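Work through the exercises below with the model open. Each task is followed by a solution in short steps.

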Amino acid sequence: MAFEPPQRLVRALGESVPDADDWVDKLPDTAGQAVALRELTVERVQVPGGRSSLVVLVRRPDGTPAVLKLVPPRSRPESERAALAHWDGRGAVQLLEPFVTEGVLLLERLHPDVSVRSLPEAKALLEAAGTLRRLWVEPPGDHVFETVAERTGRQADAMRGAPAEVAELVSAALDARESLLAAPPEERLLHGTFRQSKVLSGTRAPWLAVGPDPVVGECAFDLARLVRDRVEDLIATPSGAATTRRRVKRLAESLDVDQERLRGWTLFRAVESGVRALRVGRPRDAELLLEFAGWL
């Protein structure tokens, strides 16, 4: 079959990956070789799919359903493999091969069209938070994962070139980062890009996380991305600012995370995402994120 990458993936890679065109051009051959090597039967490409990888629903030679995931090198497939191997199915999708072949992962099949985001908001946040808690484990002693300090350091450098009209928010976000990194309370293996759409329905467990971009650091950094889930809905309601502050409080209390540290990382991550959206030409997304950040 033709392994046509979904347009959502092509657009997202074009914004964030310098050599994306080359990787996308080679994708049909890469996918075909990965399928043949494993003697897989292809069912379909998952559409609309994700923003950083091609997901193909397949069956193994014994008929077991699985997922073949192809990831560009810049998205750190080896780091994803290492995190999934360390979690070993606890709270996350199960890795079915102990190795990565040129950015290819073979994974347990979940229900790709059913995420926590399909639940009512309060229930979705509860289930997502419970899943996230299971992922917060001690990292391997010899790990090579990026740290929160390293990742946010790169992001902070990029933020300093933001337009003057967002300078006040950028300054507040950078100050928050500096303060938070001065005394992190713990070091855990984190999902790195956790949100409701990254939690899918499973068979061996009700909900399991997928698509990590793992990082090592404090739990509040991981939880911060969940705070702004459904940001478009928050912005659309008159009580959005109050709802956001209640959400920070509720999530912090439910997961035993310091509320002020969660607020600080939520501010930094929202401003960083907003500035990045401006940089790649997504002004509407930037407007939503920066308005949200202003509430914090």
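**Exercise 1. Locate Asp-256 in this predicted model, and decide whether Asp-256 is buried or exposed.**

Step 1. Asp-256 sits in the loop that runs from helix 9 (240-254) to helix 10.
Step 2. Its relative accessible area is 67%. The cut-off for exposed is over 50%.
Step 3. Asp-256 is therefore exposed.
Step 4. Now check the backbone. Most residues other than glycine have a negative phi. Asp-256 has a positive phi, near 55 degrees.

**Exercise 2. Find where Arg-76 lies, and classify its exposure.**

Step 1. Look in the loop between strand 3 (65-70) and helix 3 (77-87): Arg-76 is there.
Step 2. Its phi is positive, about 60 degrees, although Arg-76 is not a glycine.
Step 3. The relative accessible area of Arg-76 is 30%. Buried needs under 20%, and exposed needs over 50%.
Step 4. So Arg-76 counts as partly exposed.

**Exercise 3. Work out which class of exposure Ser-53 belongs to, and list its contacts beyond its neighbours within four places in sequence.**

Step 1. Ser-53 belongs to the loop between strand 1 (41-45) and strand 2 (54-59).
Step 2. Its relative accessibility is 7%, so Ser-53 is buried.
Step 3. Set aside the neighbours within four places in sequence. Ser-53 then touches Leu-9, Lys-69, Leu-70 and Val-71.

**Exercise 4. Determine how many residues of helix 7 (residues 219-227) are buried.**

Step 1. Go through the helix. The buried residues are Cys-219, Ala-220, Phe-221, Asp-222, Leu-223, Ala-224, Arg-225, Leu-226 and Val-227.
Step 2. That is nine of the nine residues, so helix 7 is largely enclosed by the rest of the structure.

**Exercise 5. Describe how helix 6 (residues 167-182) packs against helix 10 (residues 259-279).**

Step 1. The angle is about 135 degrees, and the axes are 9 Å apart.
Step 2. This angle makes helix 6 oblique to helix 10.
Step 3. The crossing is left-handed.
Step 4. Helix 6 brings Leu-169, Val-170, Ala-172, Ala-173, Leu-174, Ala-176, Arg-177, Leu-180 and Leu-181 to the contact. Helix 10 brings Arg-261, Gly-264, Trp-265, Leu-267, Phe-268, Val-271 and Val-275.
Step 5. Sort these residues by type: 13 are nonpolar, one is polar and two are charged.

**Exercise 6. Do the same for helix 5 (residues 148-159) and helix 6.**

Step 1. The two helices pack at about 160 degrees, with 11 Å between their axes.
Step 2. Over 145 degrees counts as roughly antiparallel. Helix 5 is therefore roughly antiparallel to helix 6.
Step 3. Helix 5 crosses helix 6 in a left-handed sense.
Step 4. On the helix 5 side, the contact uses Val-148, Ala-149, Thr-152, Gly-153, Ala-156 and Met-159. On the helix 6 side, it uses Val-170, Ala-173, Leu-174, Arg-177 and Leu-181.
Step 5. By type, eight are nonpolar, two polar and one charged.

**Exercise 7. Test whether the chain agrees with or departs from the radius of gyration of a compact globule.**

Step 1. A compact globule with 296 residues would have a radius of gyration near 19 Å.
Step 2. The chain has 19 Å, so the two agree.
Step 3. The C-alpha trace spans about 55 × 40 × 35 Å along its principal axes.
Step 4. Buried residues account for 53% of the 296 residues.
Step 5. Take contacts between residues at least 6 apart in sequence. Of these, 70% join residues at least 24 apart.
Step 6. Finish with the elements: the chain holds 11 helices and nine strands.

Notes. Residues are numbered from 1 along each chain as its sequence is written. This is a predicted model: local features need pLDDT of at least 70, side-chain atom pairs count only at pLDDT 80 or more; totals for chains, interfaces and linings use all residues. Side-chain values use heavy atoms; hydrogens and water are left out. Axes are lines fitted to C-alpha atoms, for helices over the stretch in contact, and angles run from 0 to 180 degrees between N-to-C directions. Helices (H or I, at least four residues) and strands (E, at least two) are DSSP runs, numbered from the N terminus. Angles under 35 degrees count as roughly parallel, over 145 as roughly antiparallel, 65 to 115 as roughly perpendicular and the rest as oblique. A crossing is left-handed if the near helix is turned anticlockwise from the far one by less than a right angle, and right-handed if clockwise. Contact means heavy atoms within 4.5 Å. Ala, Val, Leu, Ile, Met, Phe, Trp, Tyr, Cys and Pro count as nonpolar, Asp, Glu, Lys and Arg as charged, and the others, Gly among them, as polar. The radius of gyration is taken over C-alpha atoms; the globule rule is 2.2 Å times the number of residues to the power 0.38. Buried means under 20% relative accessible area, exposed over 50%, partly exposed in between (1.4 Å probe, protein chains only).
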